[in-house]
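Let's take a friendly walk through a protein model. Have the sequence and the 3D view ready, and follow along one part at a time.

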Amino acid sequence: MDRNPSAATPTRKLSRRRILRSGAAAASLTAIASLLPVAGAGCSQIGLAPKKKMTVWIIRSFAPPADEVLLGHVDKWGKEKGLDLEVVAEIEEPTLNQRLMAAVESKQLPDICEISGGRITLHYPAKVFEDVSALYAEIGKQYGGWFKVADQTATIDGKQWAIPFSIDSSLMHYRKDILDKKGLKIPETWDEYVETMKKAQEPPKTYGAGIALSKGATDCEGTFKLMMYSFGATWCDQTGQKITINSAETRKFLDFVANTMYKAGIFPPDAMSWDNASNNGAYQNETAITVHNPASILVWCLDNKPELGRNTAIAGLPKGPTGKSFNSAGVRVGWAIFNTTPKDKQDLAADWIKWVYQKEQYEPWIAKAFAAPPVAKYEQMEVWKDPQRAGFLEAAKTGIMGGYPGPLTPASAELDSRVPTISMILRVLVDKWSIDQAVEEAEKVAKDIYGKYYK
Amino acid sequence: MANSVVPARRAQATTRGWRARESLIGYLLVLPIILLFLGLIAYPFFNAIWLSVTDRIIGSGGNFVGLRNYLWLLNWPDFALMFANTWTIAIVGVAIKFCVGLGLALVMNERFFGRGLLRGVLLLPWALPTFVAVLTWRWLFEGQSGVFNVILQSLGITSGPVPWLGSTTFALPAVITVVVWKGFPFFAIGYLAGLQAIPQELYEAAHVDGANAIQRFRHITLPGLRHVIMITCLLSLIWTSNSFEFVYLLTGGGPSNRTQVFTVMTYQLGIQNMRIGEAAAVPLMFLPILAGLIVLVTRYILREEEG
């Protein structure tokens, strides 16, 4: 039958097929739409979008007033440059460090990153840092030269990979008022320290040694490592390639900690559950008579408990059987530029670093921070005339670094991340291992790590 | 004749075309979920298996090392302790949650003034974000300024602070306490719903027959809740054994490794120590047991649906 060309086209009904077809189209469009932000970010990366957005990562420290100064600087600089800054400000451990790990692994790194010295060394093998040797030389020349610690941290394989911004040192804080009241003086050796604390403390109100006994408190790793050095024991030799922990000196150190220091009852009962903020809290709450800490407590006291600050005496760690005592120094924070950042943003990042290093920006920040400057010019500031703060500046210039007695290397940084010294101590204290067993396990762990780097 | 063959062939072609279009539409509709499954489940899973047989560290390449990471784990002195801690927290936690949850469900199933309010309040632990709840408990357990120690010392029960989270005696029980506190409402609400589905006539008939409360509980309530009990216990066992925040925020696996569990170990190895090859091996060691539990739950649910 022929079709009647004059017949009107019938109205199309909503059929099941049409519904299914529409649903499939909608689902596909939704999937594509959800990928658009990712595509947009990609376009931005390859330069198709306006280049005004930069990501900045800032470490929140234990000195919040200094953090606010720095964040204010970031905001001001961003406005002056007409940039849209996405600022991430978080505490280092565990938050920002873990975020940085993920960023290094995925190569999705920020444009400007505040980074601690240990992280520079730890992530160097990932080859994500931009060579900033020229900028480093320029700033060093302009500001009177870099301190040794800053230079050794930033320099790997003959080039510089970050710009140090401050140096951190930990010193012993003593409750001078309590010691004076009991007719005690600041101890000079670890044996004297134990006896002094036994006499000074009044448990359960106060305990002498506000030092954590926990792998979660990385502060105590630093304290016990320095103490171990004063006993003549080290993790590696001067080349930084051979493990030397299995020694009579190490055993003597462990014996002292377990059988003299711990059994004297001078640690707070909950020291094994402390984190990095706990020793600060214990000193600030006046339940610990001594702590080993950077100047963050003194900075806190200025605004919160000035009298506690005045009653605090600052001293280096006591001496060990070698007759020596050791203090640490490490780059607290520096600025890293990554090689994944586009060149124009790298230039802006360099501009930021030069700008924030200027006196108008740097001095207000360092005065409120609890660290020392890494360059000679800023040691002339008024704040270092305070005898309490002066000790931290001196330690920053003369303290030893991670990797001692060898250089700071990726191997030593990776070993440090395992908190090996406190782990060894806890094997004896908690797991009731013999000292020999603890030392042998520590040696195995260290050799396993160093074996990856040095054959 | 030709006229009747042509329409038949045209009809067949039309049908085939229609079916092909229907199939294509079907594939397009399931495509998003397949992509999500491949991207978020299949790829990470097989990538983790690959990582576990390499010596990869974060940011750098790695080499194939076979089963070295697994052997290292098995030879690690605290592996057995970690295994025991994981399942102790899960099994003991689930057992206590079951008892507390069932007891509360039985109480809430009775009529009394304020029952509605109590039901709401009892849901709070479960509704609170885990992070917030665990940090609050950490403060309660705190050594010198924690609430528990302040109360105990002011009542003269203890002479000094008890190191709840820093003691080998108390650390694991403290973790289990928080796990139970956070999880018992899930059991209570599930069992309450189950109780309300049991016909009252059964209880009335049993009462008429002279059954006492314990007999009614044993022969009516428990069998009536059998399915809910199985599901809640199995699911909770899987969730609790996989949990991370409780141990990480309360003890960090310490003191030493006395409360270490495989989830926290994975995090510490992979994120803090950068050894993602070894970190990937840790959860894969526990996979057979978890997979077994998941198969049990799935088979039970499917059997119930068919029944």
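## Two domains in chain B

In this predicted model, chain B is divided into two domains: domain 1 covers residues 1-52, and domain 2 covers residues 72-306. Measuring from centre to centre of their C-alpha atoms, domain 1 and domain 2 of chain B lie 44 Å apart.

How many residues does each domain bring to the contact? Domain 1 of chain B supplies four residues, and domain 2 of chain B supplies five residues. On the domain 1 side, the residues that touch domain 2 of chain B comprise three nonpolar, one polar and no charged.

## Two helices that cross

Stay with chain B and find helix α4 (residues 115-127) and helix α7 (residues 171-196). They pack with their axes 7 Å apart, at an angle of about 130 degrees. Angles over 145 degrees would count as roughly antiparallel and those from 65 to 115 as roughly perpendicular, so α4(B) and α7(B) are oblique to each other. Their crossing is left-handed.

Which residues make this contact? From α4(B) come L122(B), L123(B), P125(B) and W126(B). From α7(B) come W181(B), K182(B), P185(B), F186(B), A188(B) and I189(B). Sorted by class, the contact of α4(B) with α7(B) has nine nonpolar residues, no polar ones and one charged.

## Where chain A meets chain B

Now look at the place where the two chains touch. Here, 35 residues of chain A are in contact with 26 residues of chain B. On the chain A side, the elements that give two or more residues are α1 (16-45), α3 (92-106), α17 (410-417) and α18 (420-429). Which of them gives the most? That is α1(A), with seven residues.

The chain A side of this contact is a mixture of classes: 17 nonpolar, ten polar and eight charged residues.

## A sheet in chain A

Finally, turn to the strands of chain A. Five of them form an open sheet in the order β2-β1-β3-β11-β6, and the pairing is mixed. Why do β2 (84-91) and β6 (163-168) of chain A each have one side without a neighbour in the sheet? They stand at the edges with a single partner strand each, so one side of each is left free of a neighbour there. On average, neighbouring strands of this sheet are turned by 15 degrees against each other, ignoring direction.

Take a look at one pair in detail. Strand β1 (residues 53-60) of chain A and β2(A) pair in the parallel sense over eight bridges. For M54(A), the bridge partner in β2(A) is L85(A).

How values were computed: Residues numbered from 1 in each chain as written. Chains lettered and ligands numbered in written order. Predicted model: local features only at pLDDT ≥ 70, side-chain atom pairs only at ≥ 80, totals over all residues. Axes fitted to C-alpha atoms, helices over the stretch in contact; angles between N-to-C directions. Helix = DSSP H or I, 4+ residues; strand = E, 2+ residues; numbered from the N terminus. Parallel < 35°, antiparallel > 145°, perpendicular 65-115°, else oblique. Left-handed = near helix turned anticlockwise from the far one by under 90°. Contact = placed C-beta atoms within 7 Å. Nonpolar A, V, L, I, M, F, W, Y, C, P; charged D, E, K, R; others polar. Domains from an automatic or database assignment. Pairing = 2+ DSSP bridges.
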